[in-house]
Amino acid sequence: YDQLAHHYLHSDRRDKALTYCEKAGDRASERFISKAAVDYYSTAIDLSQKADRASLHLKRALVWRRVGEFGRSISDGENAAQIAEENHDFEILYKALGAIRYGHRNLGDLNAARTFSQRALLAGEKANHAVFRIREILALGHIEMDQGNLKKAKATFEDGLRDARDLEDR
């Protein structure tokens, strides 16, 4: 995909350049070649229409997160969340809010992490995706534990476990 992206970047085929930059970014990300992934996703963002950028910002946020660039991950997550919310794409919104939560938690801002986790929980519910809900309940439990609220953490983990068992029984 690298060569195709390079070829189409130097042609009049902006649509093909966008497609192959995203695919090259995906391949680089899968292979843990983070700088190349960020570069390809950045180029794809520049080539895309605003409505199509949410998934690209999310992909780049996840690469930034993997390399410990939590501030950049949060920024891309916020861009993805804003666009996803405008498009009523609750699956991407959930994932973007989760990326923001993860960044804040790793930066030690547990209050912000809780806020974004609660927003992600609502997005997961709007996406009508039970697994998203369970994951976010468990993330909230970890935040409670990090803050030393062990009783609340235990109750939250129990809620998540109960929901997971209910889902398994369906």
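Me: What is the volume of the largest pocket?
Reply: In this predicted model, local features need pLDDT of at least 70 and side-chain atom pairs count only at pLDDT 80 or more, while totals for chains, interfaces and linings use all residues. Residues are numbered from 1 along each chain as its sequence is written, and side-chain values use heavy atoms, with hydrogens and water left out. A pocket is an open set of points, on a 1 Å grid over the protein atoms alone, where a 1.4 Å probe fits, with protein on both sides within 12 Å along at least five of seven lines; lining residues have an atom within 4 Å of a point. The largest pocket here has a volume (the space filled by probe spheres set on the points, which are joined across faces, edges and corners) of about 250 Å³.

Me: Which residues are the closest to the centre of the largest pocket?
Reply: They are Leu58, Leu62, Arg65, Tyr94 and Lys95, out of 14 residues in the lining. Two or more lining residues come from each of H4, helix H6 (90–106) and helix H8 (130–146). By class, the lining holds 6 nonpolar (Ala, Val, Leu, Ile, Met, Phe, Trp, Tyr, Cys, Pro), 6 charged (Asp, Glu, Lys, Arg) and 2 polar residues (the others, Gly among them).

Me: How many helices and strands does the protein have?
Reply: Its secondary structure comes to 9 helices and 0 strands (DSSP runs numbered from the N terminus: H or I of at least four residues, and E of at least two). The C-alpha trace of the protein spans about 60 × 35 × 30 Å along its principal axes.

Me: How are two packed helices described?
Reply: One gives the angle between their axes and the distance between the axes. For H2 and H3, the angle is about 155° and the axes are 8 Å apart (lines fitted to C-alpha atoms over the stretch in contact, with angles from 0 to 180 degrees between N-to-C directions). H2 is therefore roughly antiparallel to H3 (over 145 degrees; under 35 is roughly parallel, 65 to 115 roughly perpendicular, the rest oblique). The crossing of H2 and H3 is left-handed (the near helix is turned anticlockwise from the far one by less than a right angle; clockwise is right-handed). Their contact (heavy atoms within 4.5 Å) includes Ala17, Cys21 and Gly25 of H2 and Ala37, Tyr40 and Ala44 of H3. By class, this contact has 11 nonpolar, 3 polar and 4 charged residues.

Me: At what angle do H3 and H4 pack?
Reply: Helix H3 (residues 34–47) packs on H4 at about 160°, with the axes 9 Å apart. H3 and H4 are therefore roughly antiparallel to each other, and their crossing is left-handed. Among the residues in contact are Val38, Tyr41 and Ile45 of H3, along with Leu56, Val63 and Trp64 of H4. This contact counts 8 nonpolar, 3 polar and 3 charged residues.

Me: Are H2 and H4 roughly parallel or roughly antiparallel?
Reply: The axes of helix H2 (residues 14–30) and helix H4 (residues 54–66) come within 11 Å and cross at roughly 25°, which means that H2 is roughly parallel to H4. H2 passes H4 in a left-handed crossing. Leu18, Glu22, Asp26 and Ser29 in H2 meet Ser55, Leu56, Lys59, Val63 and Arg66 in H4. Their classes are 3 nonpolar, 2 polar and 4 charged.
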